[in-house]
Amino acid sequence: MPDIPDMPGISLHGFGTLGFTRSNTDSAQFVRDLSQPQGAGTQWTAKVDSLLGFQANVHFSSSTEAVLQTVSRYHADESYKPELTWAFLRHDFSPDFSLRGGRLGTEFYMLGDSRLVGYANLSVRPPPDFYGSLVFSYIDGVDVSATFPVATGLLKGKLFAGRSPEKSPFAPGISWELKGSTLVGAYLDYLTGPWQVRLSHAQVRFGHEAPTDTLLQASGDPLGGVPYLSLVPDMAMANQRARFSSLGVVYDQGPVNIQFMLNLIRHDSPAYADSKAGYVQAAYRLGAVTPYMGVSRSFSTMGALPTSGLAGIDAITASLVLHSVMDQNTYTLGGRWDLQKNLALKAQVDAVRGKPTSVFLIKNNQPGWDGNMTVFSLALDFVF
């Protein structure tokens with residue numbers, strides 16, 4: 001009889017979070033990142049952190065596999081429609097060199113590729129001051145990675161490039177089409193003993209204009225139907241770039257875990273303010289219980305805005321850019337209880353202290369917004 005070829009091995013996995021969040025104010029809504037069009041007010045809601053994901057790994061050989069991952073979560077169109085977040089083929093040419101192609105998770109920042117897997121994170125969610133401005137969750141493209149021994153540790157480098165298939169909330173009921181935006185980037189990791197250090201840089205070239213005219217028409221059409229960019233062309237976003245640079249350091253030894261991150265975001269277009277952010281988080285494991293605390297900071301810097309020479313237009317320009325401003329600190333205190341293998345319960349309090357002009361990382365701010373809110377969170381994370 002002819003030999004029957006071996007069938008690929010298939011392994012199935014899943015992860016999820018059942019989370020509930022509320023704040024002490026209805027003057028603004030708390031979101032975990034800008035991909036969410038609505039957030040939490042004074043009523044408990046499950047939409048901020050709850051999600052369910054499934055992953056299938058198809059092993060064609062010891063060096064080649066396909067990975068599919070789908071996640072159901074609250075996202076840009078206000079639904080929980082499952083989205084295909086990973087769908088790639090990976091081949092390891094050697095233990096130290098690999099190539100992937102397909103739909104890949106973005107890795108702009110350290111720990112960013114696992115930010116949806118609550119169980120993999122100590123806190124209820126990655127700090128929004130640092131990660132919240134990322135609206136790109138995955139790309140359709142390729143990446144290549146290589147690892148080299150250096151001194152007493154390992155140096156890993158990765159290059160990636162692709163296009164976004166996503167869209168992002170821009171204003172209530174209005175989305176910005178990000179599909180076709182080009183993303184390229186790279187990072188260097190160095191791992192030695194309990195230390196991991198990462199330097200990364202990525203840039204995005206936007207494929208479509210922000211829906212500014214739609215926003216202005218919904219706000220009373222102050223321009224009488226005249227396209228805004230015809231009056232202020234320097235505010236264009238299409239074909240303009242945003243650049244993301246970051247430094248990350250993690251120390252994980254015995255019961256101690258410390259994370260320290262910094263980032264810098266710069267925009268070619270003056271339509272968005274540049275920003276800086278950072279956080280430090282420390283945790284200490286006491287058996288099955290891990291208390292943690294952290295502080296994060298995010299703030300924007302605005303350059304000179306273009307002028308039109310027309311009455312009232314410059315005020316509209318300034319108001320549009322002010323939507324991208326943030327200036328706040330967040331103080332976090334929480335605890336994680338590993339109930340059993342693959343199951344963790346978390347409780348967390350976040351005290352957001354900012355200026356009234358800090359509106360970028362929240363949603364639906366009202367006239368009474370003073371920049372301050374206290375957020376309460378409970379989450380049950382699991383993997384299977």
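This is a conversation between a visitor and a guide about reading a predicted model.

Visitor: Let's start with empty space. How many cavities of 30 Å³ or more are there?

Guide: Here is the general idea. Rolling a probe the size of a water molecule over the atoms shows where empty space is left. In this model, the count comes to 6 cavities of 30 Å³ or more. The largest cavity has a volume of about 210 Å³, and the second largest has about 140 Å³.

Visitor: Which residues should I click on to find the largest cavity?

Guide: Try Pro-127, Pro-128, Thr-330, Thr-332 and Asp-350, which lie nearest its centre among the 23 lining residues. Helix H1 (128-131) and strands S15 (274-284), S16 (289-301), S17 (327-340) and S18 (343-354) each supply at least two residues of that lining. By class, the lining of the largest cavity holds 12 nonpolar, 8 polar and 3 charged residues.

Visitor: And which residues lie closest to the centre of the second largest cavity?

Guide: Gln-69, Trp-86, Asp-113, Leu-116 and Ser-137 do, out of 15 residues that line it. Strands S4 (64-73) and S5 (83-94) each give at least two residues to this lining, which divides into 6 nonpolar, 7 polar and 2 charged residues.

Visitor: Now for the pockets. What is the volume of the largest pocket?

Guide: The largest pocket has a volume of about 900 Å³. Its lining counts 40 residues, with Pro-169, Phe-170, Tyr-272, His-323 and Phe-360 nearest the centre. Strand S9 (167-171) gives the most to this lining, with 4 residues. The lining of the largest pocket is made of 28 nonpolar, 10 polar and 2 charged residues.

Visitor: Where can I find the second largest pocket?

Guide: Look around Ala-120, Asn-121, Leu-122, Asn-257 and Gln-259, which lie nearest its centre among 20 lining residues. The second largest pocket holds about 330 Å³ of space. Strands S13, S14, S15 and S17 each supply at least two residues of its lining.

Visitor: Let's turn to the surface. Which residues form a nonpolar patch there?

Guide: The patch is formed by Ile-258, Phe-260, Leu-262, Val-280, Val-295 and Tyr-331, with about 460 Å² of accessible area together. Strand S14 (residues 256-267) gives the most to the patch, with 3 residues. Leu-262 lies in that strand, S14, and counts as partly exposed because its relative accessibility is 38%.

Visitor: Is Val-124 buried or exposed?

Guide: Val-124 is buried, because its relative accessible area is 4%. You will find Val-124 in the loop between strand S6 (97-105) and H1. The C-alpha atoms of Val-124 and Leu-378 are separated by 7.5 Å, although these residues are 254 apart along the chain.

Visitor: What about the backbone? Which value does phi of Glu-78 take?

Guide: First, the general idea. Most residues other than glycine have a negative phi, and most peptide bonds are trans. In this model, phi of Glu-78 is near 65 degrees, a positive value in a residue other than glycine. Glu-78 sits in the loop between S4 and S5. Asp-221, which is not a glycine either, has a positive phi of about 50 degrees; Asp-221 is in the loop between H2 and helix H3 (228-231).

Visitor: Last topic: charged pairs. How many salt bridges are found in the whole structure?

Guide: The idea is simple. Side chains of opposite charge can pair when their charged atoms come close. Here a search of the whole structure finds 20 salt bridges. One of them pairs Asp-140 with Arg-103, with the closest N and O atoms 2.8 Å apart. This pair links distant parts of the chain, Asp-140 in strand S7 (residues 138-150) and Arg-103 in strand S6, 37 residues apart. Asp-140 is partly exposed at 34% relative accessibility, whereas Arg-103 is buried at 18%.

Visitor: Which partner does Asp-327 have?

Guide: Asp-327 forms a salt bridge with Arg-297, and the closest N and O atoms are 2.7 Å apart. Asp-327 belongs to strand S17 and Arg-297 to strand S16, 30 residues apart. Asp-327 counts as buried at 17% relative accessibility, while Arg-297 is partly exposed at 33%. Salt bridges that share partners also join Arg-32, Asp-49, Arg-125 and Asp-350 into one network.

Technical notes: Residues numbered from 1 in each chain as written. Predicted model: local features only at pLDDT ≥ 70, side-chain atom pairs only at ≥ 80, totals over all residues. Heavy atoms only, no water. Patch = residues over 30% accessible without salt bridge, like charges linked within 9 Å, V, L, I, M, F, W, Y side chains within 5 Å. Areas by Shrake-Rupley, 256 points an atom, 1.4 Å probe, with all protein chains shown as cover. Salt bridge = Lys/Arg side-chain N within 4 Å of Asp/Glu carboxyl O. Buried < 20%, exposed > 50% of the residue type's maximum accessible area, 1.4 Å probe, protein only. 1 Å grid on protein atoms, 1.4 Å probe; cavity = no way out; pocket = protein on both sides within 12 Å on 5 of 7 lines; lining within 4 Å. Points joined across faces, edges and corners; volume = space filled by probe spheres on them. Nonpolar A, V, L, I, M, F, W, Y, C, P; charged D, E, K, R; others polar.
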